[in-house]
2 protein chains.
Amino acid sequence: MINVSIVGAGQTKFGRHDNYDLRELFVMAAHEAIEEAGITPKDVEAAFIGNLSADQFNRQTHIAPLMADFAGMKGIPATKCEAACASSATALRAAILAIESGQHDVVMAAGVEKMTDLTTPGVIETLAMAADQIFEAQPGITFPGIFAILAVAHMAKYGTTKEQLAAVAVKNHANGVHNPLAQYQMEITLEKALSSRMVAWPLGLFDCSPITDGAAAVVLTKNKKARKFTDAPVKILASEQANDTMNLCDRTDLTSLYAARTAAYRAYKQARINPDYVDVAEVHDCFTIAEIIATEDLGFFKPGKGGAAVEEGVTQIDGEVAINTSGGLKAKGHPVGATGVAQIVELYHQLRNEAGKRQVKSPNVGLAHNVGGTGATCVIHICERW
Amino acid sequence: MINVSIVGAGQTKFGRHDNYDLRELFVMAAHEAIEEAGITPKDVEAAFIGNLSADQFNRQTHIAPLMADFAGMKGIPATKCEAACASSATALRAAILAIESGQHDVVMAAGVEKMTDLTTPGVIETLAMAADQIFEAQPGITFPGIFAILAVAHMAKYGTTKEQLAAVAVKNHANGVHNPLAQYQMEITLEKALSSRMVAWPLGLFDCSPITDGAAAVVLTKNKKARKFTDAPVKILASEQANDTMNLCDRTDLTSLYAARTAAYRAYKQARINPDYVDVAEVHDCFTIAEIIATEDLGFFKPGKGGAAVEEGVTQIDGEVAINTSGGLKAKGHPVGATGVAQIVELYHQLRNEAGKRQVKSPNVGLAHNVGGTGATCVIHICERW
């Protein structure tokens with residue numbers, strides 16, 4: 001049982017931000033969340049901030065007090081949490097536990113990443129540090145290659161096609177058109193996706209999420225106090241996290257993520273629901289194959305059926321379960337340390353019926369699935385309108 | 001009120017480890033803590049791991065699941081916490097909150113850093129990223145220079161002398177002689193300290209803590225369950241953290257750390273004690289001046305009196321309040337991300353009367369003071385024998 005609600009949410013535009021640095025991006029998202037909650041920065045009692053590697057991207061460590069100070073939250077405990085691309089979901093979980101502990105009543109969970117200060121090869125090299133340096137990164141593989149291995153395994157075992165992978169990109173780009181904060185607000189055709197430049201077979205350019213700057217933040221409080229902040233809080237039903245071996249060589253199955261299945265099992269149990277209850281989900285589509293695997297790991301579809309489901313439109317906004325209404329990492333963008341909380345920001349707006357042209361019809365339950373690396377970390381949150 | 005106890009503790013030898021990498025150092029400390037608690041890795045339900053920048057030091061991010069997996073703790077939630085040199089104290093606080101939340105019963109807090117993979121200039125450059133990159137690091141100042149500014153301010157305001165700074169180093173080296181895990185187990189004379197090579201006036205080589213590899217870990221559980229694990233658990237009375245502006249230019253006082261005073265005030269209040277109750281304290285002596293300021297910020301001595309106190313022997317093992325019995329960061333060593341939990345490991349042994357030749361006579365209350373950067377973060381834990 002979790003007794004925590006979201007009472008404010010903020011997110012910057014995702015994309016390339018040449019005119020704002022790390023702290024400015026954070027402040028924009030944090031202040032929007034704080035204003036949404038009807039409070040001031042002084043009311044925030046603690047902050048947990050997700051960030052993968054400002055060390056490499058911006059030559060800045062120790063970012064949590066820096067961000068908190070610039071946002072007007074001097075004095076509070078502020079801690080950075082890192083778990084690769086799942087960093088801010090782990091920050092959210094730490095924030096939830098802090099409220100559940102009784103030590104804090106109003107806590108911010110946030111995420112921020114400014115990736116474009118490095119060149120593209122520099123970004124790729126930095127991201128590869130989230131794989132096992134000794135057994136994966138040093139030998140020379142980078143993430144497109146690692147996820148290509150999963151894609152090949154999925155194709156070999158289940159007959160998943162390149163067209164099904166492309167269908168993920170087409171759907172998420174179609175959703176992104178209606179998200180004013182998305183990095184790419186443009187539709188793409190199946191033909192365009194299929195004919196894009198090859199990155200690591202079978203993954204072409206449109207199978208890959210982009211390099212992105214951005215920040216996202218939410219304000220959390222106890223359920224008991226939530227209605228003092230907003231008329232429409234969003235209740236957190238479950239917050240679960242699992243890890244796995246990092247190195248793919250140590251895994252027995254490359255068509256599914258153990259950490260995702262484990263965290264999902266725990267989360268459904270904690271929320272006392274099953275996958276059928278979920279109306280809208282933000283899943284970690286860092287590559288198109290990752291979304292297909294996610295929808296299977298989460299129990300929306302049987303193993304091997306995720307590809308067909310997206311091709312048949314089951315995961316569109318008006319489908320059985322709307323997946324990545326925000327545009328997902330693919331079209332909304334993927335500022336790695338901010339992605340986990342940005343998923344929650346989308347669910348917050350969906351569950352409050354504030355998502356405009358990408359609004360799912362009266363959703364009750366939303367799920368966020370945030371993956372670190374190739375699934376050495378997976379964090380799952382389940383939220384409910386209230 | 002905190003209802004959490006430490007039931008196991010482990011630490012590697014601190015120093016230069018050419019034959020062990022990051023994960024091996026972690027496993028050694030984690031397994032010692034696990035064995036001390038009389039459990040197996042499978043019994044640990046969650047882990048929070050402090051680390052400053054394996055990104056820069058070891059080209060490895062996403063270390064928490066990697067460390068957990070290699071220690072036999074696959075599947076559990078494992079999150080890295082970072083707050084510069086206070087990283088593992090923030091991990092400890094997150095672990096305590098996780099137990100207090102009721103979501104986990106047995107949690108590991110740990111820290112690990114392997115700094116010697118980089119050259120000394122590389123280490124200094126990496127550490128400088130924990131200062132404000134824009135306003136401090138880019139203009140060219142590094143930490144010895146920053147702490148030299150504090151020392152000069154303290155000398156100007158209170159008449160603190162270079163001899164008093166050196167007395168900190170002499171005491172901590174004397175203590176380190178009796179700590180088999182310390183990096184330096186050698187006494188130094190006041191003359192040697194005073195005549196050491198100048199680093200940043202007034203700080204000479206013996207005013208600076210060294211570059212260190214090492215890991216430390218503790219196993220925590222609810223007070224209620226603690227005696228199932230050990231006959232002599234150590235109870236945590238307080239866990240508080242505060243932040244401050246990072247950039248020194250924004251501060252009104254350079255002779256004291258606002259974050260330390262704030263966290264200390266909160267911690268004494270939470271523990272329902274005052275500074276007089278503290279028998280043994282591990283404080284963050286990254287530079288000798290930092291220990292003098294710490295003993296004042298913690299209320300052991302009035303502002304400006306910390307220098308005289310160390311010179312008079314008040315902070316020796318047999319003094320009124322024993323400071324840095326482990327040898328402190330100065331002699332024990334300072335593997336930055338491991339330091340916070342290593343302080344707790346020392347208190348654990350002191351409060352259980354297991355500290356051998358450096359044992360304080362029957363201490364009841366211990367305090368750990370862990371600082372990030374120049375005090376943009378301070379975390380304070382207070383522990384009690386039980």
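Here is a short chat about domain 1 and domain 2 of chain A and a helix pair in chain B of a predicted model.

Me: Hi! What kind of model is this, and how is numbering done?
Reply: The model is predicted; local features need pLDDT of at least 70, side-chain atom pairs count only at pLDDT 80 or more, and totals for chains, interfaces and linings use all residues. Residues are numbered from 1 along each chain as its sequence is written, with chains lettered from A and ligands numbered from 1 in the order in which they are written.

Me: Which domains does chain A have?
Reply: Domain 1 covers 4–119 + 212–233 and domain 2 covers 131–210 + 235–385, with bounds from an automatic or database domain assignment. Their centres, over C-alpha atoms, are 22 Å apart.

Me: How many residues are in contact there?
Reply: 38 residues of domain 1 of chain A meet 33 of domain 2 of chain A, contact being C-beta atoms, placed from the backbone, within 7 Å.

Me: What gives the most on the domain 1 side?
Reply: H4(A), with seven residues. Helices are DSSP runs of H or I, at least four residues, and strands are E runs of at least two, numbered from the N terminus.

Me: Switching to chain B, how do H4 and H15 cross?
Reply: The axes of H4(B) (residues 87–100) and H15(B) (residues 339–351) come within 5 Å and cross at roughly 70°. Axes are lines fitted to C-alpha atoms, for helices over the stretch in contact, with angles from 0 to 180 degrees between N-to-C directions.

Me: Which residues meet?
Reply: Among them are B:Ser87 and B:Leu92 in H4(B), and B:Thr339 and B:Ile344 in H15(B).

How values were computed:
Contact = placed C-beta atoms within 7 Å.
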